[in-house]
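Me: I'm trying to get my head around this model. Could you take one part of it and walk me through it slowly?

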Amino acid sequence: MNSRSELSSLIRIAGEKKGLLLTAGLFSAVSSVLQIAPFLAVYRIIEELLMHAGDPAGVDKDLILFWGLAALVALIAVLATLYISGMCSHIAAFDILYRLRVRLSEHVAKVPMGYHTRTATGELKKIIEISVEKIEKFIAHQLPDVVSAVIMPLLLLSYLFWLDWRMALVLLVPISVAFWLQARMFASEASRQAYRDFQSAVEEMNATGVEYIRGMPAVKVFGITADSFLTFKQAVDRYRDISLRITDICKTSYSLFFVIVVSLFTFVVPVGLLLMSGRPGDQSFAITFILFLIVSPSLSVPLLKMLYLGSGLREIAEGNKRIEAVFAEPVIAEPAAPRIPDTYDVAFEQVSFAYEKEISKDFKPVLKNVSFLARAGEMTALVGPSGGGKSTIANLLLRFWDVQEGVISIGGVPIRGIGTEKLMEMVSFVFQDVHLFYDTIEENIRMGNAAATKAEVEAAAKAACCHAFIEKLEHGYETKIGEGGTYLSGGEAQRIAIARALLKNAPILVLDEATAYADAENEHLIQQALAELVKGKTVLIIAHRLSTIRAAEQILVVNQGEIVERGTHDELLGRGGLYERMWQAHVRAASWKLASEEKRASRPMAAEGGRR
Amino acid sequence: MMNYFYNISGGDVRGLRAPIAAALLDGIVKVVPAALVVDLFNTVYRSFADPAEGLDTGRMWFVCAFMFVWLAAMYAAYASLYDKTYRVAYSLAASGRLRLADHIRRLSLGFFGRRDPGDLTNLLLSDYAQVEHTISHNVPQLVSAVMLPALSLAALLFVDWRMALAMFVAVPFGALLLWATDTIQARLSERHVRAKNEAASRLQEYLAGICEIKAHNLGGQRFERLRLSFDRLRSASIRLEGVMGPMIMGAMLLTRSGMTLMIGAGSYLLVGGSLSLPVFLLFLLIGNKVFEPLTVVLMNYGEMRYSAYSAQRIMDVRQEAPMRGDAAAEPHRPIAFDRVTFGYDPDSPVLKNVSFTIEPNTITALVGPSGSGKSTVARLIARFWDAQEGTIAIGGVPVRDLDPEKLLADVSMVFQDVYLFQDTIGNNIRIGRMNATQQEVEEAAKRACCHDFISRLPQGYDTPVGEGGSTLSGGEKQRISIARALLKNASIVLLDEATASLDPENEEAVQRAINELVVDRTVVLIAHRLKTIQHVDNILVLDKGELAETGTHDELLARQGLYANLWRLQQNTDGWRIKP
């Protein structure tokens, strides 16, 4: 891990709020210097007391009161400057967090969809939520702390050097030894190894923890909660053991460090005594000695802080690396001079595509040399086995990825030349997995066309067969979906998505298994309604139930990335190829009946299995 | 305070005894050098008071030597504190994690449906990390923050009660300030947490819906909502810091103002002659140090509150009651619903007064519009939840009295969402019966029509599948879950027939696999395509949570009710066309 570059990228982020952070650093420095003041006040009082040791009644009461109040005023000033510094750094930090999150979210919407299929939503969410959050600690606490932890000891030591360089020099020795001990421990092979083990133990515990919870319903059903518990237990135990190993490794050097840093005054004592023995009766030196004893403990807090700075940096480095990786993802290239097509025929010419780059070891071509023309006013159906490339073809039309070879064009204009925004306006898409937003049903439908009136929303809902069920909901179109609102079934959600697409009324319509979850009775109604609405449009349909696309003007049979057959239903049926085989399977599947008779018929075989 | 200790120790405060004792010892050991410094001062003082006598360097050298020797004691005490706190922190967190995990596995399946798994994972991982941190850092801080002032007060009261009172009189006011503003703090923290959760939900929605957002050019509008939630989180965070700061600073100021009060009192008493100089010196030196640990605790006050909140969330789940019951169900017995009413939210029942009996080794289909309660019936049989009213019994034994694990041992569920573990395909099938031989696994795979596609994979049964099983198609995952069920060989099978988005050949394979599975078992089928269930033994038609009709396909058709209506509608499906 290159911590230097991690640090610099963090400082670059922090640089956006230079003014606030400089103010924070300044006040933090002032605050840390002021923190010496109460110590000095005590010193002044003690000095006054010592000077009148012989006649206590001669003590200047007002002077003592003055220093007592000075200590209080200094304390108020310390707290006030600390608060100002803290507020500046926190405002800067929360603002940087906010900007980072906004920029990350903006960025991920501009990268090709390929990124989102490769990267789990949860992972991305974690980066934007947690990894960014960790930066707060660095900016809000550690940056000002650096300033105070460096400036305060420097100033105080300079002052002490000025007072008496010999005793000050003696202070430096234990400080250096303490830091050297820590550095030696961190650099040792044992601690490096332990830290690596710790990282892997944390990762393992997190991974098993996630699977433990996510898989728990499945695990319960199969009565193997004990086994899955054992797996998690092993990871937790390992994490604990390694943490304790690190505790053992750090214990000696950290305890030494701590004891030395909080006992700095102890080291001053012998030197002070030696010097005093040299000049007995020198009262002013005795007072300097007292000053050293009183003031040097105030060094320990910044010195302890300094030690934690390194560990904090390490904590955010990993998350920062992930944030950087997201920003490094290239965005989709937009054309300099967008062109708008006049017609809406969709053409694929010699299109080849793979999700991975050709040099990657996972390289697997998904589409090979795919060419077809989907005419406006016609229905083109894509059929074929799962994983054959049907959905990829549909997604490529939306430019969720850019193709490696060949050209996809609409009305003769390559889609790369149209610009994503215009392209999206031309295409209505109903995805297989519908996503509804936490909003009212009406707004969810209106996503298709923000300018639509209530009547238009309802008309679309009626055509997509959702008006009836929406009306039955307590708040009708005002019903909120999800998160404490209503949860819709898969079929209902899909119909909302169809309504959305209808409202959008784009010249190209893509339906990817759009009625997969719909009830059979609704499917029929949707198909009827759509027939009216899609006249004249270019329609691309992906369907598994072949009976639903019999009427298509063109059926493209996609298998292993290639179009293996094309034609109308009747043409393909006579050909004896994949389509015909699929059709027969479809007919058999459609006539499948789960029944007791079948059960009895197959009993001999099953009984054999049951006796095992 | 006690609440804080109770929660972070997972209800076992005794576990914290060792670090607290070590912190007490460490605190006492740390007082000694302060006393020694006082002695040094007194020696110097005497030389000032009586210059003729001169400085007693002999005594000072002795004290100095003692201070260096005492460093060893300080080291020993601190090393022990370090060791104890970390050991207990990691051990308590480890045992707490395991106890929570063990508790979670005893909770009902319904619990897992209700709770966001990400949330539960956080409890197990990050919330416990917070607990670890607070035990190893805040607990020793708290101990010295309480002990040092308390000890000093007790000792100083004997020296001079007036000075001691002056020094500590303000401390209760600091505590009072924090106590009095607790509701404000709580409200702000709550608002902050809410803003945080809101931002997390918006982010989840944004990322999960990114496809739709792109397709509908909603980058701007949807993004605006996300941006607003980030913005609100920013303001809530700043507000929390901004308001909490002055309160904590005020508390610090109050506690530490005792020093000035003491100095004021001292100067009057000194001049008045009722206070000796060495005593004043003693108070000055101690007053300089005694509030330091309190300041540290106040600095970390927010962090401690946050940890206590983490611990509280853990305890809340720990208090979730697991399902009771220890009886075992006999296999191949009838399943009877007797006037069952159930709702996820008791106020809006999903099932109302439903009664029926399912005979053993028959196939029963559940039919009805979406949202009519079909899945709920199936899930109640497996005791995901307990019904609010009425009884569900298997072989006459109410499921309420059954041990949930033993009940599930006799139930196979083949639903659409199949969870595959990060393991090999073979082991994913073996989940059905952990001690099955490779031959038995392959046998089940063959009957579930997965052997062929598994054999085609480069590593066969040893092929690893990813988290959530992303590398297999939906049909393949379903067949693996059927293979699991075959291996499990339970007498009750709950089946969701939906074969949505399967290509015809996959669909057929799944159907063949299902046919293997249903033989000689009590099958409850959630049916979507009525054609499929024409020959099943019994059909239960549900409508809005009520049992509308029961009977065989022919009986129901003859009745001309809801079923007949659905049947007619489904006959009409004739496909997409754009040129009618």
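How many residues of chain A are in contact with how many residues of chain B?

Reply: Sure, let's start right there, keeping in mind that this is a predicted model. On the chain A side, 152 residues are in contact with chain B, and on the chain B side the number is 147. If you want to know which element of chain A gives the most to that side, look at helix α4, residues 61-110, with 23 residues. Sort the residues on the chain A side by character and you get 82 nonpolar, 39 polar and 31 charged.

Now let's look at chain B as a whole. Its secondary structure comes to 22 helices and twelve strands. What about its overall form? The C-alpha atoms of chain B fill a box of roughly 125 × 50 × 50 Å along the principal axes. Chain B has a radius of gyration of 36 Å, whereas a compact globule of 580 residues would come out near 25 Å. Buried residues make up 47% of chain B. And if you take the contacts in chain B with a separation of 6 or more, 78% of them join residues 24 or more positions apart.

Next, the inside. The largest nonpolar core has 343 residues, and B:Leu366 and B:Leu525 touch the most other members. Helix α3 of chain B, residues 57-105, supplies the largest share of this core, 19 residues. Zoom in on B:Leu366: leaving out residues up to four places away in sequence, its partners include B:Val377, B:Ala378, B:Leu540 and B:Leu542. B:Leu525 is also one of the residues that B:Leu366 touches.

A short stop close to B:Leu366 in the numbering: B:Asn361 sits in the loop between β2 (351-358) and β3 (363-367) of chain B. Its phi is positive, near 55°, even though B:Asn361 isn't a glycine. B:Asn361 has 17 other C-beta atoms within 10 Å, and because buried starts at 20 and exposed means 12 or fewer, B:Asn361 counts as partly exposed.

Chain A has an asparagine to set beside it. A:Asn369 also has a positive phi near 55°, but A:Asn369 lies in a strand, β2 (residues 365-374) of chain A. With 15 other C-beta atoms within 10 Å, A:Asn369 is partly exposed.

Last, try a bit of checking on helix α19 of chain A, residues 490-504. At 1.5 Å a residue, its 15 residues should span 21 Å, and the end C-alpha atoms are 21 Å apart, so the two agree. That helix is mostly covered, with 14 of its 15 residues buried. Right after α19(A) comes A:Asn505, with a positive phi near 55°.

Definitions and conventions
Residues are numbered from 1 along each chain as its sequence is written. Chains are lettered from A and ligands numbered from 1 in the order in which they are written. This is a predicted model: local features need pLDDT of at least 70, side-chain atom pairs count only at pLDDT 80 or more; totals for chains, interfaces and linings use all residues. Two residues are in contact if their C-beta atoms, placed from the backbone, lie within 7 Å. Helices (H or I, at least four residues) and strands (E, at least two) are DSSP runs, numbered from the N terminus. Ala, Val, Leu, Ile, Met, Phe, Trp, Tyr, Cys and Pro count as nonpolar, Asp, Glu, Lys and Arg as charged, and the others, Gly among them, as polar. The expected span of a helix is 1.5 Å times one less than its number of residues. A nonpolar core is a set of buried Ala, Val, Leu, Ile, Met, Phe, Trp, Tyr and Cys residues joined through C-beta atoms within 7 Å. The radius of gyration is taken over C-alpha atoms; the globule rule is 2.2 Å times the number of residues to the power 0.38.
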